[in-house]
Amino acid sequence: MILAMIFDLDGTLVKTEWLKSLSYAQAVQRLSPAPVTVEEVQAAFADVVGRSREEVSSALLARFGLEVAARARLEEFEARFPWQVLARIRLEIYDGMLADSDTLRSNQWPHNVELLHAARRASCKTALASMSTCDQVTRVLDAIGLQDQFDVVLSREDVECPKPDPEIYLLAGRLLDTPPRECLVIEDSPAGVQAAVAAGMNCVAVAPPFTRAGLLAQPWLAQEWVVDDPARLPLVGERVIRHNHPIVHTTA
């Protein structure tokens, strides 16, 4: 029986993964001595979407050969490691995007937000489990008016290990006082799906364009629970909630 629903934020409730991809693209362009297109960076970002800032930044540094350029600016950004230079340039750009409430409101995933409201109507406990910072999570929730829709809100500061480690989902379940088998996670990235399944929780993955290929290729969740059309998500979620439909995980 599903008693709690746990939502990812970036890419699940709000199209912030798209905004993040643009901020990383602009940061790479500022560092790169050679021309790099936005589309090239977005394609590389899609391979690591949902992972920690260190992992994403390190992957992009390697992909675009920016180690030397980043090392040359360590002192400027008071950084110890090259990946921190890219991360700090990108964060400055992204913070500017988050300051625009109209941008955030216009980039919600309406069907996913409706599922959250359906969960509240069904008296499910609800939590948010995001790898964004607490400040970023707070700004996004305030902008889109969802700050009062969660019993628990968790961000990257609340855990030691990022997704795909299950720590953040296990913590959410404990704080909701709900066993993993009675929790349903709504995710949009392969790393998030892996984390939810590793936590022993049920999971439904919504597959927006940015992470669709990765979700369709991932081995942790049966394909019937990967929702390729976001418009189908409320129906699938309510089927799980109201009829206690079992979700069978595959094994990697």
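Is Thr 133 buried or exposed? Thr 133 is buried, because its relative accessible area is 14% and buried means under 20%, with exposed over 50% and partly exposed in between (1.4 Å probe, protein chains only).

The model is predicted, so local features need pLDDT of at least 70 and side-chain atom pairs count only at pLDDT 80 or more, while totals for chains, interfaces and linings use all residues. Residues are numbered from 1 along each chain as its sequence is written, and side-chain values use heavy atoms, with hydrogens and water left out.

**The sheet**

Helices (H or I, at least four residues) and strands (E, at least two) are DSSP runs numbered from the N terminus. Two strands pair if DSSP finds at least two bridges between them. Six strands form an open sheet in the order E3-E2-E1-E4-E5-E6, with parallel pairing. Strands E3 and E6 (226-227) are the edges, each pairing on one side only. Three of the pairings are set out below.

| Strands | Bridges | One bridge pair |
|---|---|---|
| E1 (residues 4-7) and E2 | four | Met 5 and Thr 126 |
| E2 and E3 (residues 152-154) | three | Ala 129 and Leu 154 |
| E4 (residues 183-187) and E5 (residues 202-206) | four | Glu 187 and Ala 205 |

Strand E2 (residues 125-129) is mostly covered, with four of its five residues buried.

**From E2 to E3**

Strand E2, helix H8 (residues 134-144) and strand E3 make a right-handed β-α-β unit. A crossover is right-handed if, with the strands pointing away from the viewer, the path from the first strand over the helix to the second runs clockwise.

Thr 133 sits in the loop between E2 and H8. Setting aside residues up to four places away in sequence, Thr 133 touches Arg 53, Ser 155, Arg 156 and Glu 157, where contact means heavy atoms within 4.5 Å.

Arg 139 belongs to helix H8. Arg 139 counts as partly exposed because its relative accessible area is 25%. Beyond its neighbours within four places in sequence, Arg 139 is in contact with Asp 95, Leu 98, Ala 99 and Leu 104. Ala 99 is 40 residues from Arg 139 along the chain, and their C-alpha atoms are separated by 8.0 Å.

**The cavity**

A search of the whole structure finds one cavity of 30 Å³ or more. On a 1 Å grid over the protein atoms alone, a cavity is a set of points where a 1.4 Å probe fits but cannot get out, and lining residues have an atom within 4 Å of a point. The largest cavity has a volume of about 240 Å³, a volume being the space filled by probe spheres set on the points, which are joined across faces, edges and corners.

Its lining has 20 residues, and Asp 10, Glu 17, Lys 20, Arg 51 and Met 131 lie nearest the centre. Helices H1 (16-31) and H3 (53-63) each supply at least two lining residues, and H1 gives the most, with three. The lining divides into four nonpolar, five polar and eleven charged residues. Here Ala, Val, Leu, Ile, Met, Phe, Trp, Tyr, Cys and Pro count as nonpolar, Asp, Glu, Lys and Arg as charged, and the others, Gly among them, as polar.

**Backbone exceptions**

Most residues other than glycine have a negative phi, and most peptide bonds are trans. The bond from Lys 163 to Pro 164 is cis, with omega near 20°. Pro 164 is in the loop between E3 and helix H9 (167-175).

Glu 78 has a positive phi, near 50°, and Glu 78 is exposed at 71% relative accessibility. Asp 177 also has a positive phi, of about 55°; Asp 177 lies in the loop between H9 and E4.

Note on methods:
On a 1 Å grid over the protein atoms alone, a cavity is a set of points where a 1.4 Å probe fits but cannot get out, and a pocket is an open set with protein on both sides within 12 Å along at least five of seven lines; lining residues have an atom within 4 Å of a point.
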